[in-house]
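Please open the model in your viewer and keep the selection tool at hand. The stops below say what to select next and what is there.

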Amino acid sequence: MSTFGLETVFAPKRVAIVGASPRPRSIGAIILQNLVKGGFTGEIAVVNNHHDSIGGRKTCPSLDALPFVPDLIVITTPAPSIPEIIRRAGELGVKGAVIISSGLGHGAGSIAESVLQAAHAHGVRIVGPNCLGIMFPGVRLNASFAARQPVVGSLALISQSGAIAAAMIDWAAEKALGFSGIVSIGDQLDVDVADLLDHFALDDKTSAILLYLEAVKDARKFMSAARAAARLKPVVVVKSGRMAEGAKAAATHTGALAGSDAVYDAAFRRAGLLRVFDLRELFDCAELLGRHVHPPGGKNLTILTNGGGIGILAVDRLAELGGAAPPLDPQVAAKLTAALPPTWSMANPVDMAGDADAERYLKALDVLLSDPSSDALLVMNVETAVAPADGIAAAVAERVKAQRTTVGRSPKTILAAWVGTDQLVAPIFDKAKIPHFPTEDDAVRAFMHLVKHREARELLMATPPNVSALFTPDVTAARQTIEKALGDGRALLDPIEISRLFGAYSIPMVPTVPAINPDDALAKAEPFLAQGLSVAVKILSRDIAHKSDVGGVKLGLATKEQVREAATEVMARARRARPDARIDGVMVQPMIVRPAARELILGIADDPTFGPVIAFGRGGTAVEVVKDKALALPPLDMNLASDLVSRTAIARLLPAYRDVAGVPSEAVPLTLVKLSQLAADCPEIIGLDINPLLADENGVLALDARIAIRKPERLSPGQTRFAIRPYPSQWEGQLKLRNGDPVTVRPLRPEDEPAIARFLAGVSSEDLRLRFFHAVKDFSHRFTARLTQLDYARSMAFVALNKQGEITGVARLHSDSRYERAEYAILIASDLKGKGLGWALMQLLIDYARAEGLKYLSGQVLHENTTMLMMCRELGFTVSSDVQDASIAIVSLDLTARPEPTGAVGVV
């Protein structure tokens, strides 16, 4: 993982401030004060060669003069002095440094580069520079210049802005919410967002992670860490710069449609993060997560109020955001009628009228808390002279607390909105750990944040259907087409090449025939005309991306004369509009008459941060005007493709309606999966759109497409243009057992989850204990999904399959974020032990790790697992005992050393 050294940095026993100052308002002085006021129980030292003492503490002139070696140093000195400080700190054994100072510059030749080189040389972790500092209330560490001391809690905050971190601390103090850790990361010279996501995801003191983000430096590292973290706990992100201007010009419609913020939004969704759009919403999420609110099982909300108008406003907002206020169950309505005056609303929202007092609230609450038909309850109040708002709040809080005590915890999410009196009742709800909000809008939005988070996690953990049998691409033909175009020095494929490319990926496209002149166009059109079809004539030019912009399209041509005239006209128009363009003639296509077809756009865009992005939406000539589109990061499976489609308005027109037949449910998602695979197989494609793609009861058909290409940049081992690494099909093959029998092996796929569950169920309990170090009985979806949903970047797994296609062995590794070290694990079917499968899988892991450029492969093995330890020794691993657990052996292999012959056979 990328958490190397952070455990010590974030829980140090000895801290030194380098550059502390006696000036009362200096940053160094404030950091020293915060350390002391925060109650840090370890040793504190001050390094300053200009003053004998600061803050009542004797100073030391240098790090060498300290009476101890710090675990952590906090640096506030001028930028030019910092490289030498880090170098000397590393030599002394300091584990980490928080660099508050700014002005270190960026890139080659900068002070920052010198600092990073010194840090890497000695294994020193760097937070910053240009940051507020770090705060870990659980160990009473406040190494920051924040104005307030955070209290202990379970929220983690990662912020690229020191000001935002300070604002969150102030707000949390008012709400009595605490933190497990706060890290202001500044310029992210070393420790970055991904490192911290890894750290807090595995921190048992953290229940949720709040993230303020301005930009992602390494999309692949970020996506890997974010997806892993979101599977374990809620991660809420707010990103600034949403309104950054998109691309001014692009070779494809899709390129223009994919604005940078929309791509970030797609990335957050794919990672399972809950995105909010301002600090107010971030505060609301912190309010929910900090109270450990039970997440709703669905999006049905019951509303209890003493004001009909505010109840209606809440329902309106709920519907707008995608939630539902379902009708009351008849039995629930009957109970409410028995408990409330006849003037109540008889519906959801449950309006008890303006004279409702605490007793009436409690009667209704007793009924609604036990209602199994709704997922959550929002209790609202508008103060009247009949009953004081704080008295009603106290009664509600006590009843909710009593109900939690009775059943262990509330069976549904409980929210409160005391409009106009939230500050008055805040202490009451805070003490009862009931999330409360100043308006109905805030409360409903908060509820929908919880709903969206649950949906995101479900999508993240979903088992996708297997599409490998639905289409088999001809990758060789596709690559030959693209390579020929690149060899000609072209940046765009012509329509004939696009037709070949789509044919290689089974993407249906209207027949396209080239013609060099009007007479040739007539000859090519005759077979279509003879069938009673009209034809379209379009300009054929590798230099003209948008044919309609130059008058290069003529449709509905039914006679030979019309075809000849159209070909002559579009060629002449194109020459006038683009005298610089090479005109190769025209192309002739049959007119496709599908009166009920929906016009769609599908495409691939290239984002500078996240790489290839898949787009889908309403197509046609007004695509930029309508702007009904959604984006997703590839690779896509059918679940992800279906989700992408569902996020557009045009999706509502794909099923049958009135007398219009529906589009087959898999037709559009499968086409998106094919595009995703095309992007993975052909990294030369930097832009593609199909517009329009017709979709009706007969399936889909591409009428027009554009594809932009360029030679791909050379990538180092383990890298890809995708932010999420695609399935590594090149590692499919066979292994040979000791008796010579072949075994099929391939990378694990998410859709293997049912097969993995069957495999685990067939392994003996003793073998499971040796693999997982404890008894394993839980083969639930949640457990197996975590094993099968890999990113193929830091996580990799291979499965061995018998002749029946059943899994007989699994070998996996997980690397750190620097892609230097990886841990491995192997499990084989109990009845195959001793046949050499484990040996072959281990050799495969070693081959893979070397091919990826990893330097070390290690693992933890129980000492009693003598078979595994013997195999490791034979393969060249060193074996030592774990200093923290004598029952465990640590095995490690230096992959940079020249491999010794093993006699094993790898993938063939």
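Begin by selecting I54, whose bridge partner in β4 is R57. The two strands at this stop, β3 and β4 (residues 57–60), pair in the antiparallel sense over 2 bridges; strands here are DSSP runs of E with at least two residues, helices are runs of H or I with at least four, both numbered from the N terminus, and two strands pair if DSSP finds at least two bridges between them. Widen the selection to the open sheet, in which 7 strands follow the order β3-β4-β2-β1-β5-β6-β7 with mixed pairing. At its edges are β3 (53–54) and β7 (125–127), each of which pairs on one side only.

Before moving on, note that this is a predicted model, in which local features need pLDDT of at least 70 and side-chain atom pairs count only at pLDDT 80 or more, while totals for chains, interfaces and linings use all residues. Residues are numbered from 1 along each chain as its sequence is written, and side-chain values use heavy atoms, with hydrogens and water left out.

Next, select I134, L197, F222 and F610, which touch the most other members of the largest nonpolar core, a set of 62 residues. Such a core is a set of buried Ala, Val, Leu, Ile, Met, Phe, Trp, Tyr and Cys residues joined through side-chain atoms within 4.5 Å, where buried means under 20% relative accessible area, exposed over 50%, and partly exposed in between (1.4 Å probe, protein chains only). Helix α7 (residues 219–232) gives the most to this core, with 7 residues. Leaving aside neighbours within four places in sequence, L197 is in contact (heavy atoms within 4.5 Å) with residues including I158, I209, F222 and V235. A second, separate core of 56 residues includes A811, L827, L837 and A840.

Stay with F610 and add F222, Y264 and F268, and you have one aromatic cluster. Across the whole structure, a search finds 13 aromatic pairs, meaning rings of Phe, Tyr and Trp (its six-membered ring) whose centres lie within 6.5 Å, with planes under 30 degrees apart counted as stacked, over 60 as edge-to-face and the rest as tilted. Y264 and F610 form an edge-to-face pair, 5.0 Å centre to centre with 90° between the planes. This pair links distant parts of the chain, 346 residues apart, with Y264 in helix α9 (residues 260–271) and F610 in the loop between β24 (598–607) and β25 (611–618). Y264 counts as buried at 7% relative accessibility, and F610 does so at 0%.

Which charged end sits over the ring of Y264? Select K239, whose charged end lies 4.4 Å from the ring centre; the criterion is NZ of Lys or CZ of Arg within 6 Å of the ring centre and within 35 degrees of the ring normal.

For the last stop, select Y727 and Y792, an edge-to-face pair with 5.9 Å between centres and 80° between planes. Y727 lies in the loop between β29 (705–709) and β30 (733–736) and Y792 in the loop between α26 (781–788) and β32 (795–801), so the pair ties together parts that are 65 residues apart in sequence. Y727 is partly exposed, at 23% relative accessible area, whereas Y792 is buried at 5%.

Now add R749, which, not counting residues up to four places away in sequence, touches Y727, E732, T788 and Y792. R749 is placed in the loop between β31 (742–747) and α24 (753–762) and is buried, with a relative accessible area of 16%.
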